[in-house]
Every structure is written in C-alpha cells, then in structure tokens.
Amino acid sequence: MAELRYRDALNAALREELRRDARVLLMGEDIGVFGGAFKVTAGLLDEFGEKRVRDTPISENTIVGVGVGAAMAGLRPVVELMTINFALLAFDQIVNHAAQHPLHVRWPGDRAARRPDAQGAGHQLGPTHSHCFEALFLHIPGLLVATPATAADAKGLLKSAIRDENPVIFIEHESLYGVRGDVPDGDDVLVDFGRARIAREGSDLTIVGISRMALTAERAAATLADEHSVSAEVIDPRTLRPLDLDTILASVAKTNRCLIVEEGWPHGGVGANLAALISEQAFDDLDSPVRRVSGADVPMPYTKPLEDIAYPHEPQVVAAALQTLGLAPSAGAPRATAAPGGAASSNAGTAESPNAGAPVAGGGGGR
C-alpha cells in the first residue's frame, strides 16, 4: 500500500496505462503544459510527449468528437473536459455518437472514448462549474458511469475504464482531489465495474452514498454509532452503470431500512432511481419507506454561505437516518415529503425542508 492523494492516484493510473499500452492517449484543455486544472496530468507531457498528451482548443464538442473518431480507429483516448458542466457542450457527441453509434453497437471491439470530468460544490465556482450530473449520463444506454469516492477506487476504476471496450463517463469530485487514502501497489490492480464497496458494516440501517457523499455517509454513520447507538451500513456503489444492485438489496434485507445520499438534484436523480429499484425489488424487506437526502433543487449559488447549505452535510444525513428509524420527529430536522414509488425525499436547503440547510461548522464533505 501507498498513501496517495486522490489526484495522485489518478495521475498514477494514467501514467501506468500510457506506459502499458501505446494506443492510450490523453486529450483535453490545459492537460499538457499546465498539467491539468486539478494537476491530475502533471508531468505526463514531459514523459510521453505531445503526440500522446495533447492540449486542445476550448471546444468540447470537437474534443469529444475527435475522441470518438480516435476510438473507432483503434486507439484508447482519455478525453478530459475539465468540469462536468462543460460536458453539456459535447452532449451531441456523447449521446448520439459515443453511446449510440451503430459501429459501436455492431462491433464491440471498437474502443469508445473515456471522459474524466470533475464536478461538485464547495469551491465557490458557481452554477456553471459545480453541479453533479451523474443522473444525466446514467439515463443513457451505451455509457458506463463511474463515481469513485476514494483514492484506491479512483486509480483502480480509471485503469479499468481505459481497458474497457465501452465508452465510460468517469466522474471525479473536485473536493476529493486532495483527500489521501491507501492505494494498493501494482500496475494491474484494477477495480471491477459493477461491484459496490461496503464502506462500513451495520445492522440497523443501510446508507447508500454517491461519489463524495459516500465519505459524508461514513462520517454520519460514525456519529450515529457514537451518539445514538445506531449501527448503519454504508455502501458506495462505485459505478452507477453497471449498478451492483444485489449488494444494496442484500444490505436492505439485513437492515430493513434504506437512506440514499447524493449531492445532485432530487427530481429524476440517482437517488430517485435507486429508491424506485429498492422499493420494487425489496418491498417486503422494508420496514419504512426509502428516504433520500439530496442537494437543493436550485442552481448552485456562488456565495459561500448559500453554497454550504445547497448540498448535504453529516447533520442532515444523521437527522434523516434517525427519522427513518423512527427515533426523531420531523420538526427541527430535514422534513421528508412523500415521493412516488414509496420513497421519501429530504432536500438540503429547499423550501420543502427549511431546516435541512443550517450552516455546518467545519462541514464540507470530503475536504
């Protein structure tokens, strides 16, 4: 094991795959000379040269289009779009070409482009840089979607994505880049897609955390154990397509209750999809409706106090967990509102739950 920052684990994955396979190349804005906006690609230009680490113009649709063409020609491009909001400018190439191209459907051997994108709140970058769009890509058949929360998973999943024969949307959280974690040594240590991580075992409640919220859920589970004698099991799906639903359902069968925590918007979000699947396939195991904690249903504010209450922190997760267990009243905590499919939602800082977004001292998710 080596202790690495999340960004350094990603850098190691890229370096190892560039060395291993001459077909791998990187493309993106400022990834070469500047070393990447988040320093994930630092040093790679010097080692591998301009042909394999390519700075591109600011034209996301063009960048992804070139990546799709390169993949169809037999290369393994890693296309970086800096922040996930910019991927909206490339949606035609992502949806209509990378995911749905008839060549990709007929001949799985054609390698489609991989796109690492950064997302998430906490850095006062405003609404055009800070949203979480996992649900947009989750909706599209033909794409794989990875959301690693730890340094080890960041490295292992990125290496798997580069080697996979399918197009992968690889989503990194901006607030995780500086977080350290143990990363297994070895060039061929991969993390399989479709295999969830049980971050903490428990017996009273299942908490499913998406991306950075997996770490927030772990801290909330520690608080539940220390202050409320509640044993919460925390599951990090790691990938949303394919989804390891079996691990989640097995946990719900054991705990009989489920809480889903995500930073994205509540309507049509990842949590809504998971709540529907769990309610459909584990209905007889549930002793209470599936509950959700999500980001506020608003564009991400720029000002720091408003930004802090627009995405979940540990207190909201703890309060929602206690409500799910019937150990806390709705007043003074995130107010759950009935949602279709038997799920309940709790949205940080929205009009539906005015107490959910109280400023949290020292809060900030994975920072």
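Is Ser-211 buried or exposed? I started my notes there. Ser-211 comes out as buried, at 2% relative accessibility. I should say at once that I am working from a predicted model.

**Entry: odd backbone angles**

I found Ser-211 in the loop between β10 and α8. Its phi is positive, about 55°, although the residue is not a glycine. I then went looking at other spots with that sign of phi. Ser-229 sits just after α8 and takes a positive phi of about 55°.

Asp-30 also went on my list: it is not a glycine, yet it has a positive phi of about 65°. I placed Asp-30 in the loop between β2 (24-28) and α2 (44-48). Asp-30 has 41% relative accessibility, so I have it down as partly exposed, the range between 20% and 50%.

While I was on backbone, I checked a proline. The peptide bond from Arg-241 to Pro-242 is cis, and omega is near -5°. Pro-242 belongs to the loop between β12 (239-241) and α9 (245-255).

**Entry: the whole chain**

I stepped back for the overall numbers. The protein has twelve helices and 16 strands. Of its 367 residues, 57% are buried. I also looked at contacts between residues at least 6 apart in sequence, and 81% of those join residues at least 24 apart. The protein exposes about 14100 Å², with carbon and sulfur atoms supplying 54% of that area.

**Entry: helix α8**

Next I went to helix α8, which runs over residues 213-228. Which of its residues are buried? My list reads Met-213, Ala-214, Leu-215, Thr-216, Ala-217, Ala-220, Ala-221 and Leu-224. I then asked what covers the buried residues of α8. The cover includes the strands β9 (197-200), β10 (205-209), β11 and β13 (258-261), and also helix α12 (314-324).

**Entry: Glu-233**

Strand β11 led me to Glu-233, since this residue lies in that strand (residues 232-236). Glu-233 is a charged residue, and I wanted to know how covered it is. It counts as buried because its relative accessibility is 2%, under the 20% cut-off.

What does the side chain of Glu-233 make a polar contact with? The partner is the side chain of Ser-251, at 2.8 Å. Leaving out residues up to four places away in sequence, I see Glu-233 touching Ile-198, Arg-200, Glu-201, Gly-202, Leu-205, Thr-206, Ile-207, Ser-251 and Lys-254. I also noted the C-alpha distance to Val-208: 8.4 Å in space, with the two positions 25 residues apart in sequence numbering.

**Entry: Asp-153**

I looked up another acidic side chain, Asp-153, in helix α7 (residues 151-163). Asp-153 has a relative accessible area of 3%, so it is buried. Its side chain is joined to that of Arg-238 by a polar contact of 3.0 Å. Setting aside neighbours within four places in sequence, I have Asp-153 in contact with Pro-148, Leu-158, Val-191, Arg-197, Asp-236 and Arg-238.

**Entry: helices α9 and α10**

Leu-249 lies in helix α9, and with a relative accessible area of 15% it is buried. Which residues does Leu-249 touch, not counting those up to four places away in sequence? They are Ile-278, Gln-281 and Ala-282. From Leu-249 to Ala-282 I read 33 residues in sequence and 6.5 Å in space, C-alpha to C-alpha.

That took me to helix α10 (residues 270-281), where I picked out Ser-279. Ser-279 is buried, at a relative accessible area of 10%. Its side chain reaches the backbone oxygen of Ala-275 at 2.8 Å.

**Entry: the largest pocket**

Last, I turned to open space. Rolling a probe the size of a water molecule over the atoms shows where empty space is left. The largest pocket has a volume of about 160 Å³. It is lined by 13 residues, and the closest to its centre are Cys-132, Ala-135, Leu-136, Trp-265 and His-267. Which element gives the largest share of this lining? I have helix α6 (residues 134-138), which supplies three residues. Sorted by class, the lining of the largest pocket holds six nonpolar, four polar and three charged residues.

Note on methods. Residues are numbered from 1 along each chain as its sequence is written. This is a predicted model: local features need pLDDT of at least 70, side-chain atom pairs count only at pLDDT 80 or more; totals for chains, interfaces and linings use all residues. Side-chain values use heavy atoms; hydrogens and water are left out. Helices (H or I, at least four residues) and strands (E, at least two) are DSSP runs, numbered from the N terminus. Buried means under 20% relative accessible area, exposed over 50%, partly exposed in between (1.4 Å probe, protein chains only). A polar contact is a pair of N or O atoms within 3.5 Å; within protein, one must be able to donate a hydrogen and the other to accept it, and residues adjacent in sequence count only if both atoms are side-chain atoms. Contact means heavy atoms within 4.5 Å. On a 1 Å grid over the protein atoms alone, a cavity is a set of points where a 1.4 Å probe fits but cannot get out, and a pocket is an open set with protein on both sides within 12 Å along at least five of seven lines; lining residues have an atom within 4 Å of a point. Grid points are joined across faces, edges and corners, and a volume is the space filled by probe spheres set on the points. Accessible areas come from the Shrake-Rupley method with a 1.4 Å probe; for residues, only the protein chains shown count as cover.
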